[in-house]
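This report looks at how the chains of one model meet and how parts of them are packed. Please read it with the sequence and the coordinates at hand.

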Amino acid sequence: MEKRVQFRAPLLPWLLIAPQVLVISVFFFWPAAQALLQSFQIEDAFGISTQWVGMENFNRLWNDASYLTSFKTTAIFSLLVAVLGIGLSLMLAIFADRVIKGAMFYKTMLIVPYAVAPAVAGVLWIFMFSPSLGVVSYGLGKLGIDWNHLLNGSHAMTLIVMAAVWKQISYNFLFFLAGLQSIPKSLIEAAAIDGAKAWRRFWTIQFPLLSPTTFFLLVINMIYAFFDTFAIVDATTHGGPGQATSILVYKVYYDGFKAMDLGGSAAQSVVLMTIVIALTVVQFQFIEKKVNY
Amino acid sequence: MVERSPFLTFLGHAIMILGVIVVAFPIYLAFVASTHTAQEIVQAPMPMLPGSNMWETYRKALVGGGYGAGSTAPVAHMMWVSLVTALVITFGKIAISLLSAFAIVYFRFPFKNFFFWAIFVTLMLPVEVRIGPTYKVVSDLGMLNTYAGLTIPLIASATATFLFRQFFMSVPDELAEAARMDGASPLRFFIDILIPLSKTSIAALFVIQFIYGWNQYLWPLLATTSEKMYPVVVGIKMMVAGGDSQNEWNVVMATALLAMLPPALVVMLMQKWFVKGLVDTEK
Amino acid sequence: MASITLKEVVKRYGSGKTANQVINGVTAEILTGEFVVIVGPSGCGKSTLLRMVAGLEEISSGEISIGGRVVNDLEPSERDIAMVFQNYALYPHMSVFDNMAYGLKIAKVPLEEIKARVDKAAKILEIGPFLNRKPRELSGGQRQRVAMGRAIVRHPKVFLFDEPLSNLDAKLRAQTRIEIQKLHRELGITSLFVTHDQVEAMTLAQRMIVINLGAMEQFGTPEEVYNRPATTFVASFIGSPPMNLLKNAPDALPGIITGVRPEHLDITETGWALHVETVEMLGAERLVYGRWTHGAGDELVILRTEEGHPVPAIGSTICVTPRADKIHYFDASTGKRKEAP
């Protein structure tokens with residue numbers, strides 16, 4: 001797609017584009033290429049010699065139980081975050097769309113988590129759920145649930161899911177609200193005249209018309225769950241207890257910077273890159289072919 | 001909406017209030033905790049109403065020192081680091097993206113498509129995916145523990161370029177033609193006309209990038225080793241070490257609130273542009 | 001002011017087999033101070049032609065000169081021209097004054113001179129009270145006047161208008177048409193005006209270029225174009241309702257199309273027999289639609305009668321006779337005008 005208007009200038013466009021190209025070459029393409037290269041190599045403990053080992057790092061990954069567990073953990077985690085995040089914010093958006101009084105207040109309040117850093121969200125959450133002094137864990141104790149995310153893997157998972165969903169609600173909410181408000185009122189009124197009650201109207205008209213937004217958010221939420229949640233994990237469970245919350249991106253960090261397994265970490269990075277690219281391509285293809293009504 | 005159903009209106013408000021409570025509760029709790037002394041909140045259940053220790057707690061947080069087992073670096077300095085980082089990332093990204101988007105939309109030059117796709121690719125890979133080698137590059141360039149090291153690698157993604165590209169595409173061609181008629185050079189057109197028209201997009205991006213920059217965690221974690229260069233978001237994590245009662249939780253919560261304050265302010269003040277920008281970005 | 005000379009101007013998109021030629025060699029000489037309208041249906045290439053004169057489109061081949069100077073390779077701002085756009089193209093964030101002054105500021109014209117020119121133009125166009133307002137506070141007609149003001153202050157040798165009235169409602173269009181005529185009388189600047197509306201063309205043009213599918217079909221005064229159309233296209237495009245182009249009139253000759261305008265057909269005792277299908281009452285006149293009673297009856301004939309004359313009944317048969325000196329003949333295969341056989 002090109003604009004009809006094009007300026008004629010031989011040198012200027014190059015100058016304009018140079019800063020960005022420079023930055024992305026040095027800080028994006030070069031490291032990405034390096035990651036790719038490193039994933040095919042093994043470095044010895046002192047970093048003195050590197051050896052080309054082809055697909056060995058990758059093969060090690062597929063055969064590594066902890067990596068496969070991490071894969072599974074990440075899949076479960078991102079699915080939970082995406083589904084819960086989308087479901088809850090959709091519900092909030094629907095009612096926010098209906099409500100007139102106080103709409104501004106509700107909207108402002110619901111947007112605030114967007115401003116909270118994931119790391120800070122994590123800290124807030126472990127404070128609330130701390131087995132010894134957390135308010136919520138105290139309340140759960142009174143209900144008979146012995147909360148301890150430091151020992152119990154599923155508690156740990158629940159904790160990070162809650163923290164992650166809490167953070168994402170704002171983003172999803174905004175998109176759903178915009179999507180709902182872009183549906184022509186005349187469609188809804190026509191349905192009402194046809195005798196459809198609110199619930200039915202939602203399922204037969206609003207929800208289908210929201211499907212591009214929903215799909216888009218699904219992909220975004222999954223990507224978010226894959227990456228932006230590193231801070232939440234690092235601030236709360238450190239991947240523990242054991243491996244219960246060691247999501248893929250956390251493992252990349254741990255293996256690369258704590259366990260000093262550079263080749264393996266690089267290979268994991270490459271796998272992550274592939275997944276994200278696949279997800280983004282799928283999203284781009286789908287969104288570009290937006291359904292026309 | 002269409003019919004007036006008191007039940008649904010009541011339900012609507014109920015759910016909204018519930019939503020707001022769930023969203024606000026952690027923050028409220030943090031606020032309450034920051035107004036008590038550490039001893040008062042270490043015993044579960046902690047009091048649910050604010051106490052009287054607010055000034056002391058915040059003072060301790062900002063100035064540092066204290067007996068916490070984790071980091072006790074002064075938060076005031078960390079807030080400063082965060083502020084500088086966020087602003088540099090924001091302005092840096094907006095500036096280079098405006099230039100690139102202008103070049104891509106309004107000019108024809110060889111390999112344009114190649115550069116377009118190269119920039120597009122950067123959208124797909126957040127920094128978390130290339131941490132190892134990026135760290136090495138920054139380290140080799142001697143940029144560890146510097147503001148440059150904290151900021152420049154994060155300017156490398158193309159979200160802003162895309163927002164501006166979309167916006168420029170929607171500017172009527174005739175404005176550029178009229179400017180050409182008026183004798184305006186491309187740069188003149190860019191400065192006198194295009195940028196003023198882009199004000200809302202720039203404002204929206206300001207909010208998004210400021211929050212992005214302020215909330216960065218993984219990258220600063222790697223790129224800095226000295227407490228003096230920690231942004232507050234990393235600093236707060238460093239404060240929480242090991243077992244629970246060894247941390248000065250009231251100070252931690254005070255720090256959390258301080259860390260939340262600038263982004264929340266930016267969001268609330270620029271809410272209108274921000275919402276518009278966020279939704280338009282992804283189109 | 002200056003003359004404009006077009007020599008075999010061609011516009012081609014793409015190259016080789018897939019090339020799309022939208023302007024096929026237009027040659028015309030526009031005299032100094034003349035108001036020429038380029039008129040044709042949508043997509044015929046008239047805007048492209050104008051934009052080539054403006055310098056906004058590259059000329060594929062041929063030559064365009066302004067004031068005797070070949071301008072093919074000159075930037076728009078170097079051609080000493082000014083353009084009024086269909087969508088006004090006013091800079092939304094600048095005041096009316098700044099909009100008009102922008103080009104002059106870039107040309108480094110001193111401030112007092114700028115002020116003087118803007119004030120003068122504002123007086124002519126009656127937009128003085130708006131100088132400090134932004135475009136969005138003005139109505140469509142006011143914005144169009146500001147756009148014209150912006151063109152005037154440049155003191156150009158040539159004015160270019162790209163369908164400037166298309167976005168105005170009917171009443172405003174008529175008003176602005178008169179203002180443009182007044183402006184041309186006062187300033188006398190050579191003008192090229194593009195429109196798809198033949199009424200605008202007929203009322204504004206001193207001469208008009210009729211374009212169809214990238215080719216110039218006729219270049220003449222409104223009278224010439226109306227009374228002696230060069231092709232069947234011009235004949236049917238100019239004049240409303242359009243001229244009857246008849247293949248099957250009762251005394252038609254083979255290979256010849258007979259052209260008669262609806263206002264030049266009279267209802268007579270004898271003559272061409274028509275079966276009346278519809279009558280449209282338009283107040284001061286009526287349009288009668290009929291088909292031949294002879295032959296297959298597939299040609300629609302329109303005639304116009306004025307009030308005071310009897311209205312034929314639907315379903316009745318009438319006879320019409322064309323006025324002797326108002327019959328046109330065209331070659332059926334080329335569409336070109338032929339003199340009486």
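The text below goes from the contacts between chains to one helix pair across an interface, and then to chain C.

This is a predicted model, in which local features need pLDDT of at least 70 and side-chain atom pairs count only at pLDDT 80 or more, while totals for chains, interfaces and linings use all residues. Residues are numbered from 1 along each chain as its sequence is written, and chains are lettered from A and ligands numbered from 1 in the order in which they are written.

**Contacts between chains**

Two residues are in contact if their C-beta atoms, placed from the backbone, lie within 7 Å. Of the two pairs of chains in contact, chains A and B share the most contacts, and their interface takes 85 residues from chain A and 86 residues from chain B. Helix α1(B) gives the most to the side of chain B that touches chain A, namely 12 residues; helices (H or I, at least four residues) and strands (E, at least two) are DSSP runs, numbered from the N terminus. Chain B also meets chain C, with 14 residues of chain B in contact with 15 residues of chain C. On that side of chain B, α9 (173-181) and α10 (186-197) each supply at least two residues, and the largest share, six residues, comes from α9(B). No contact joins chain A and chain C, and their closest C-alpha atoms lie 8 Å apart.

The table divides the two sides of chain B by residue class, where Ala, Val, Leu, Ile, Met, Phe, Trp, Tyr, Cys and Pro count as nonpolar, Asp, Glu, Lys and Arg as charged, and the others, Gly among them, as polar.

| Side of chain B | Nonpolar | Polar | Charged |
|---|---|---|---|
| touching chain A | 62 residues | 14 residues | 10 residues |
| touching chain C | eight residues | one residue | five residues |

**A helix pair between chains A and B**

Helix α4 (residues 103-115) of chain A packs against helix α1 (residues 6-34) of chain B at an angle of about 30 degrees, with the axes 9 Å apart. Axes are lines fitted to C-alpha atoms, for helices over the stretch in contact, and angles run from 0 to 180 degrees between N-to-C directions. The crossing of α4(A) and α1(B) is left-handed, a term used if the near helix is turned anticlockwise from the far one by less than a right angle, with right-handed used if clockwise. In this contact A:Tyr106, A:Met109, A:Leu110, A:Val112 and A:Pro113 meet B:Met16, B:Gly19, B:Val20, B:Val23 and B:Ala24, and these residues divide into nine nonpolar, one polar and no charged.

**Inside chain C**

Chain C has eight helices and 19 strands, and buried residues make up 38% of its 341 residues; a residue is buried if 20 or more other C-beta atoms lie within 10 Å of its own, exposed if 12 or fewer, and partly exposed in between, with C-beta atoms placed from the backbone.

Both faces of strand β6 (residues 81-84) of chain C are covered, since C:Ile81 and C:Met83 on one side and C:Ala82 and C:Val84 on the other are all buried. Strand β6(C) pairs with strand β7 (residues 158-162) of chain C in the parallel sense over four bridges, pairing being assigned if DSSP finds at least two bridges between two strands. The bridge partner of C:Ala82 in β7(C) is C:Phe159.
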